[in-house]
Amino acid sequence: SPSGQVLLEDGSLLVVRGRRYGLIGRNGVGKTTMLRALARRDLPGFPKSLRVLHVSQEIHGDAMSVVDTVVSSDYELARARARERELVAASEKSKNGADHEALTAVYALLEALESKTAHSRAVKILAGLQFTKEMLQVPTSKLSGGWRMRVALARALYRDPALLVLDEATSAVDNETEAAIQRSLARASQGRCETRTRRRAA
């Protein structure tokens, strides 16, 4: 733990792809500490190459649309697109024309990152979380806490983690909303391993 207290000793952890696991316990026993260590891949023997994503709270709403908020979670793609815009703008101002070598490298990266299908992949995940077509262009600031939580989950699923860690991710919503989110998440996260904590009684 952050205070140096030993939480687990001589233990082992086995997770299987496609299964969901729950971590249940009182406040302060180390659930969050363990999940953060899992998300950071700090546990001895944990594969460093495994993609793990940790979701603990809803996103903060802003003027960006729901679908763009999900696509923007791919930071490498966002950087590549920004670099493309920068190079194109520079070529329009330069007397020497475009930097063809740099542009070729960026275009190759964009293709590797599946830039052309980014929007459609985000739409598919959001549909699995019960977002309608009309909701895709709504600014996230207009959404309730429950729907912003779904956006946070969609962002995590969009990055295609092998292990999705939910740390009381639905603790701030009511029981009915939580149940709806859990059903949607079960459909959208098929094939992934999921670990979650909770305090609320079922």
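This report walks through the fold, helix packing, salt bridges and a few individual residues of a predicted model.

## The overall fold

Let us start with the chain as a whole. Its secondary structure consists of seven helices and four strands. Following the sequence from its start, these elements come in the order β-α-β-α-α-α-α-α-β-α-β. Of the 202 residues in the chain, 38% are buried. How much of the contact network joins residues at least 24 apart in sequence? Taking contacts between residues at least 6 apart in sequence, the share is 74%.

## Two helix pairs

Two packed helices are described by the angle between their axes and the distance between the axes. Two pairs are worth a visit here, beginning with α3 and α4.

The axes of α3 and α4 come within 10 Å and cross at roughly 150°. That angle is over 145 degrees, so α3 runs roughly antiparallel to α4. The crossing of this pair is left-handed. On the α3 side, the residues that meet α4 are E76, L77, A80, R81, R83, E84, L87 and V88. Their partners in α4 are A102, L103, V106, Y107, L109 and L110.

The second pair is α5 and α6, whose axes lie 10 Å apart and which pack at an angle of about 130°. This angle makes α5 oblique to α6. Here the crossing is right-handed. In this pair, A118, R121, A122, I125 and L126 of α5 meet A154, L157 and Y158 of α6.

## A closer look at α5

Which residues of α5 are buried? They are A118, A122, I125, L126 and G128. Looking down the axis of α5, these buried residues fall within an arc of 155°, so they line one face of the helix. Several names return from the packing with α6: A118, A122, I125 and L126 are among the α5 residues that meet that helix.

G128 deserves its own mention. This glycine belongs to α5 and has a relative accessibility of 19%, so it counts as buried, the cut-off being under 20%. Its C-alpha atom is separated by 9.6 Å from that of R183, although the two residues are 55 apart along the chain.

## Salt bridges

How many salt bridges does the structure hold? There are two, and the table gives their partners.

| Salt bridge | Closest N and O atoms |
|---|---|
| D42 with R40 | 2.6 Å |
| R83 with E86 | 2.5 Å |

In the bridge between D42 and R40, D42 has a relative accessibility of 43%, so this aspartate counts as partly exposed.

The bridge between R83 and E86 sits within a single helix, α3 (residues 75-93). The two residues are three apart in that helix, which is about one turn. Are these partners buried, partly exposed or exposed? R83, at 35% relative accessibility, is partly exposed, and E86, with a relative accessible area of 49%, is partly exposed as well. R83 also appears among the α3 residues that meet α4, so this arginine, partly exposed at 35%, takes part in both the salt bridge and the helix contact.

## A buried threonine

T69 is located in helix α2 (residues 66-71). Its relative accessibility is 7%, so T69 counts as buried. What does T69 touch beyond its neighbours within four places in sequence? Its contacts there are I59, M64, T140, V151 and R155.

## Positive phi angles

Most residues other than glycine have a negative phi. A few residues in this model take a positive value instead.

E114, which is not a glycine, has a phi near 55°. It is placed in the loop between α4 (100-112) and α5 (118-128). With a relative accessibility of 47%, E114 counts as partly exposed.

D160 likewise has a positive phi, near 55°. Where does D160 lie? Its place is in the loop between α6 (145-158) and β3 (163-167).

Q130 also has a positive phi, of about 75°, and comes just after α5.

Methods
Residues are numbered from 1 along each chain as its sequence is written. This is a predicted model: local features need pLDDT of at least 70, side-chain atom pairs count only at pLDDT 80 or more; totals for chains, interfaces and linings use all residues. Side-chain values use heavy atoms; hydrogens and water are left out. A salt bridge is a side-chain nitrogen of Lys or Arg within 4 Å of a carboxyl oxygen of Asp or Glu. Buried means under 20% relative accessible area, exposed over 50%, partly exposed in between (1.4 Å probe, protein chains only). Contact means heavy atoms within 4.5 Å. The arc is that of the directions from the helix axis to the C-beta atoms. Axes are lines fitted to C-alpha atoms, for helices over the stretch in contact, and angles run from 0 to 180 degrees between N-to-C directions. Angles under 35 degrees count as roughly parallel, over 145 as roughly antiparallel, 65 to 115 as roughly perpendicular and the rest as oblique. A crossing is left-handed if the near helix is turned anticlockwise from the far one by less than a right angle, and right-handed if clockwise.
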